[in-house]
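Biologist: Please take one close look at the lining of the cavity, and then go on to the aromatic rings.

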Amino acid sequence: MAVAAGGATTAGVRLFSVPRTLPAIRTSSFVTTLSFSKLGSFPGRVRSNEPARKKLLVIRAARTESQGVSLGFRAPNFQLPEPLTGKTWTLEDFESYPALLVMFICNHCPFVKHLKKDIAKLSNFYMKKGLAVVAISSNSVATHPQDGPQFMAEDAKLYNYPFPYLYDETQDVARDFGAVCTPEFFLFKKDGRRPFELVYHGQFDDSRPSNSVPVTGRDLSLAIDSVLSGQPVPSVQKPSVGCSIKWHPQKSW
């Protein structure tokens with residue numbers, strides 16, 4: 001496994017067995033690579049003479065912003081299963097890495113769907129540079145069964161996620177992190193034996209399902225670049241915007 005080879009323990013039957021690999025990225029800048037992809041600059045692309053038709057996408061999901069977590073916050077411990085492989089992951093599995101990106105995502109949210117492919121690309125790019133990455137889904141299957149573990153495994157396989165995609169059935173981990181929306185990004189850095197400390201809690205970029213801004217991953221990638229190069233991350237950060245986490249009906253934080 002690309003994130004933490006040998007760091008996971010078996011906690012169940014293997015559901016799928018697929019390699020978490022994506023084609024190698026040959027440039028030194030993730031933002032540049034992704035922008036070229038969006039602009040269609042690769043050789044051999046056939047361009048249609050038809051004028052581009054703009055599609056109006058109406059998002060009916062409630063918009064929620066990430067909030068309430070202070071920089072310097074220490075990463076909480078967790079122990080969660082990965083539906084794709086049946087393995088259980090803990091925070092300790094990532095202790096040897098200089099930085100850890102924890103993402104709260106899900107299957108159904110339009111804001112997450114808008115970024116899925118690019119989240120996989122960005123993660124694959126920076127995992128090769130030493131970043132540890134993990135995604136967590138905490139949505140209630142009582143209200144959103146499409147976000148359950150079986151469908152999480154299918155999603156991870158479909159999008160070839162290079163990171164473990166974990167299921168927070170009790171929603172305790174989301175509560176411990178202070179997560180409120182999907183997608184929500186927590187970037188932690190680690191200095192020696194010190195615990196992981198939060199340095200970035202902001203958006204992927206300015207792109208949304210209902211606007212025409214291209215997806216670049218600029219905000220998050222700049223923060224990761226700063227952490228991996230030992231530079232400070234700017235404290236002014238735009239919050240992530242997405243669907244609210246779907247809490248169990250009997251729970252209210």
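**Cavity lining and ring pairs**

Modeller: The largest cavity (1 Å grid points where a 1.4 Å probe fits but cannot get out, lining atoms within 4 Å of a point) is lined by Phe 111, His 114, Leu 115, Pro 183, Phe 185, Gln 203, Phe 204, Asp 205, Ser 207, Arg 208, Ser 240 and Val 241. This is a predicted model, in which local features need pLDDT of at least 70 and side-chain atom pairs pLDDT 80 or more, while totals for chains, interfaces and linings use all residues. Residues are numbered from 1 along each chain, and side-chain values use heavy atoms, without hydrogens or water. The lining of the largest cavity comprises 6 nonpolar, 4 polar and 2 charged residues, with Asp, Glu, Lys and Arg counted as charged and Ala, Val, Leu, Ile, Met, Phe, Trp, Tyr, Cys and Pro as nonpolar.

Turning to the rings, the whole structure has 12 aromatic pairs (centres within 6.5 Å; stacked under 30 degrees, edge-to-face over 60, otherwise tilted). Phe 78 and Phe 94 form a tilted pair, because their ring centres are 6.5 Å apart and their planes meet at 40°. Both partners are buried (under 20% relative accessible area, 1.4 Å probe, protein chains only), with Phe 78 at 6% and Phe 94 at 0%. The pair of Phe 177 and Phe 188 is edge-to-face, with 6.1 Å from centre to centre and 75° between the planes. Here, too, Phe 177 is buried at 1% relative accessibility, and Phe 188 is buried at 0%. Ring pairs also join Phe 177 and Phe 188 with Phe 104 and Phe 186 in a cluster.

Methods:
On a 1 Å grid over the protein atoms alone, a cavity is a set of points where a 1.4 Å probe fits but cannot get out, and a pocket is an open set with protein on both sides within 12 Å along at least five of seven lines; lining residues have an atom within 4 Å of a point. Rings of Phe, Tyr and Trp (its six-membered ring) pair if their centres lie within 6.5 Å; planes under 30 degrees apart count as stacked, over 60 as edge-to-face and the rest as tilted. Buried means under 20% relative accessible area, exposed over 50%, partly exposed in between (1.4 Å probe, protein chains only).
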